[in-house]
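Colleague: Could you take a close look at one part of this model for me? I'd like to hear about the nonpolar core and the helices that pack around there.

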Amino acid sequence: VDDEVLRLNAVRRLVARRMTEAWQTIPAVTLHRSVPMGPLLALRAVSLKNGVRLSIDALVAAVVSRSLREHSILNSSWLEDAQSVAIHKVINVAIAVDTPHGLTAVVLREADARSPEDLSEALRQMIARAKDRRSLQSDVMDATFTITNLGALGVEQFTPIITPPQAAVLGLGSIT
């Protein structure tokens, strides 16, 4: 029996190459922590009653982006040539999105200065464009920190891969 060979599209090849490079070159340190999500879920429930749909990813992006102000070393990039770290003044949070065409990360620009409602709407629009292969360059460029969420798939804990040259990534597991 011959094996089936699946030809990867350009997006999947790029993701595979970049994730392999990251895994081979960036030291992995994984920390697991349970976080009380009750207040966030309560905020989401109130917003739903008021007709506003706040996504979990956008709510987490709002909280994380504000904490990155205090922990700015996590909102940085490694500068290989200078053997130094650039601490970014702007906080652009990427959200990893699985599309029929491959994994992509859409970028919530200046996330720390935006409301959860604005972040949710922007995220919805960018995800729709990504799924339809209509992403704008601004949708996918200049992330300074990434969030990836496997909780909806029932994953409780995992080790996400940092996107170079970023310094950190947050992996979200299931909410219990």
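Modeller: Here's a walk through the core, and then the helix pair. Keep in mind that this is a predicted model. The largest nonpolar core has 26 residues, and the ones touching the most other members are Val60, Val93, Ile95, Val106, Leu108 and Ile147. At least two core residues come from each of helix 3 (56–70), strand 3 (93–99), strand 4 (102–108), helix 4 (116–131) and strand 5 (145–149). Helix 3 is the top contributor, giving eight residues.

Ile95 is a handy place to zoom in. Skipping neighbours within four places in sequence, Ile95 is in contact with Asp57, Ala61, Thr104, Ala105, Val106, Leu108, Leu123 and Ile147.

Now for the helix pair. Helix 3 and helix 4 pack with their axes 8 Å apart and at an angle of about 130 degrees. Angles over 145 degrees would count as roughly antiparallel and 65 to 115 as roughly perpendicular, so these two helices are oblique to each other. The crossing of helix 3 past helix 4 is right-handed. On the helix 3 side, Asp57, Ala58, Leu59, Ala61 and Ala62 do the meeting, while helix 4 brings Pro116, Leu119, Ser120 and Leu123. Sorted by class, that contact has seven nonpolar residues, one polar and one charged. Two of the names here, Asp57 and Ala61 from helix 3, also turn up among the contacts of Ile95, and Leu123 of helix 4 is on both lists too.

Note on methods: Residues are numbered from 1 along each chain as its sequence is written. This is a predicted model: local features need pLDDT of at least 70, side-chain atom pairs count only at pLDDT 80 or more; totals for chains, interfaces and linings use all residues. Side-chain values use heavy atoms; hydrogens and water are left out. A nonpolar core is a set of buried Ala, Val, Leu, Ile, Met, Phe, Trp, Tyr and Cys residues joined through side-chain atoms within 4.5 Å. Buried means under 20% relative accessible area, exposed over 50%, partly exposed in between (1.4 Å probe, protein chains only). Helices (H or I, at least four residues) and strands (E, at least two) are DSSP runs, numbered from the N terminus. Contact means heavy atoms within 4.5 Å. Axes are lines fitted to C-alpha atoms, for helices over the stretch in contact, and angles run from 0 to 180 degrees between N-to-C directions. Angles under 35 degrees count as roughly parallel, over 145 as roughly antiparallel, 65 to 115 as roughly perpendicular and the rest as oblique. A crossing is left-handed if the near helix is turned anticlockwise from the far one by less than a right angle, and right-handed if clockwise. Ala, Val, Leu, Ile, Met, Phe, Trp, Tyr, Cys and Pro count as nonpolar, Asp, Glu, Lys and Arg as charged, and the others, Gly among them, as polar.
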